[in-house]
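Trainee: I am new to this structure. Can we go through it together, starting with the strands?

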Amino acid sequence: MKTHFIAIGGSAMHNLAIALKDKGYQVTGSDDAIFEPSKSRLEKKGIMPQEMGWFPEKITADIDAVILGMHAHQDNPELARAKELGLKIYSYPEFLYEQSKNKTRVVIAGSHGKTTITSMILHVLNFHQKDVDFMVGAQLEGFDCMVKLTQDNDFMVLEGDEYLSSPIDLRSKFLLYQPNIALMSGIAWDHINVFKTFDDYIDQFRKFVASITAGGVLVYNEEDAEVVKVVENAENYFRKIPYKTPEYEINNGKVYLKTEMGDVPLSVFGAHNLLNLEGARHICQQLGIMDEDFYEAIMSFKGASKRLEKVEREDKGILYKDFAHAPSKVKAAVKAFAEQFKNDKKHGFLELHTYSSLNPTFLEQYDHAMDGLEDAVVFYSEDALKIKRMEPISPEFIKEKFRNENLKVFTNAEDLHAYWDTLDKTDGVYLMMSSGNFGGLDLTK
């Protein structure tokens with residue numbers, strides 16, 4: 001099969017391109033910029049574009065599938081040529097469904113926790129050498145590529161994202177998967193540039209639940225009121241399995257899960273991660289994994305990439321980085337950090353740089369998000385606001401919305417880095433929350 005990727009360099013797209021190459025497909029692609037690690041990984045497989053840019057001449061009539069990434073625009077010249085030739089154009093999730101339509105599809109959805117839960121499930125399955133197809137949005141220890149597609153596997157485990165499918169397909173990605181088994185971890189308003197109201201956002205999850213195949217299974221977080229409402233109001237037929245935070249305790253900085261089989265030591269911490277673990281356990285039950293086998297495997301799970309991930313520093317200081325930037329994720333990460341390191345001085349840094357996080361209306365959602373930290377810092381770039389054509393935001397406004405008078409606010413990278421350099425990183429513990437890089441801050445030094 002001959003496939004062509006428009007915007008092949010994306011974190012998700014390049015993984016799918018590699019998976020198809022490994023499956024024996026003929027793969028080509030284009031992009032206007034490709035960064036690491038995508039660049040090296042594509043080069044290793046021999047599918048890195050020779051030059052950057054868009055080339056309509058690459059689009060030929062013998063291409064079986066054009067896969068369109070979100071990074072491309074509607075007026076992309078390669079897309080225009082594909083339409084002109086009448087080629088089949090797929091969004092990323094649409095193509096994944098095409099590859100898995102004859103398998104049992106397991107879809108993990110939710111505003112937060114879905115990457116970690118999917119990673120936990122895959123870790124357990126990999127530990128017990130149970131082979132499945134999969135797609136997950138973070139790098140996981142023991143896996144070379146975060147997409148796997150085969151002819152023979154019976155199951156496919158998919159991280160289900162509620163964001164848009166492609167520039168020409170404005171449906172939420174997870175609405176294309178039609179799950180046989182699903183999980184919903186939580187609902188907290190996000191992506192406000194697309195979903196203008198909270199109800200519009202919730203409606204995506206209503207549609208997701210409605211897309212579960214007849215007689216399917218939904219594992220859901222019964223501690224989330226919005227999730228419960230969506231599940232209770234669903235009109236289609238499926239089996240409902242609720243889950244909640246399991247009992248646990250912290251002894252000498254180590255988290256122990258309380259189970260019928262005794263205390264299970266874990267390598268992750270935080271109540272939200274224990275809740276994620278319980279959701280993963282229920283999904284693994286549906287895949288034939290007994291509880292004792294689940295617990296045996298989960299002890300060695302160290303977390304998904306950038307999800308409360310410990311950074312090895314030259315000075316041996318204790319520092320964790322987390323992908324958190326949405327309000328619910330920030331609150332969960334800070335709460336987990338405060339509980340785990342209650343006897344230490346806690347420094348927390350948050351970078352705001354997404355469209356949602358810089359929206360004055362949406363900033364209300366961050367109230368008290370940094371409470372529990374002795375040293376709380378928020379960084380955002382005034383230049384980023386200009387690039388996004390957004391109105392200026394004052395540090396005073398940020399403090400007001402966070403309901404935190406002691407909050408330190410920096411609006412340029414130079415000042416942030418200067419403050420960082422004054423801190424003794426061996427004094428206390430550090431939590432760095434961002435989907436960016438704090439203006440180029442080196443967290444290892």
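Mentor: Two bridges link β6 (residues 133-135) with β7, and the two strands run antiparallel. Strands here are DSSP runs of E, at least two residues long, and helices are runs of H or I, at least four long, both numbered from the N terminus. This is a predicted model: local features need pLDDT of at least 70, side-chain atom pairs pLDDT 80 or more, while totals for chains, interfaces and linings use all residues. Residues are numbered from 1 along each chain as its sequence is written, and side-chain values use heavy atoms, leaving out hydrogens and water.

Trainee: Which residue of β7 does Phe134 stand opposite?

Mentor: Look across to β7 from Phe134. The residue facing Phe134 is Lys148.

Trainee: In what order do the seven strands of the open sheet lie?

Mentor: Two strands pair if DSSP finds at least two bridges between them. The pairing in this sheet is mixed. The order is β7-β6-β8-β5-β11-β12-β13.

Trainee: Which strands stand at the edges?

Mentor: An edge strand here has a single partner, so one side is left without a neighbour in the sheet. That holds for β7 (147-148) and β13 (238-243).

Trainee: At about what angle to β11 does helix α6 run?

Mentor: Helix α6 (residues 198-210) packs on the sheet, touching β5, β11, β12 and β13. Contact means heavy atoms within 4.5 Å. Angles run from 0 to 180 degrees between N-to-C directions, with axes fitted to C-alpha atoms, for helices over the stretch in contact. The angle with β11 is about 155°.
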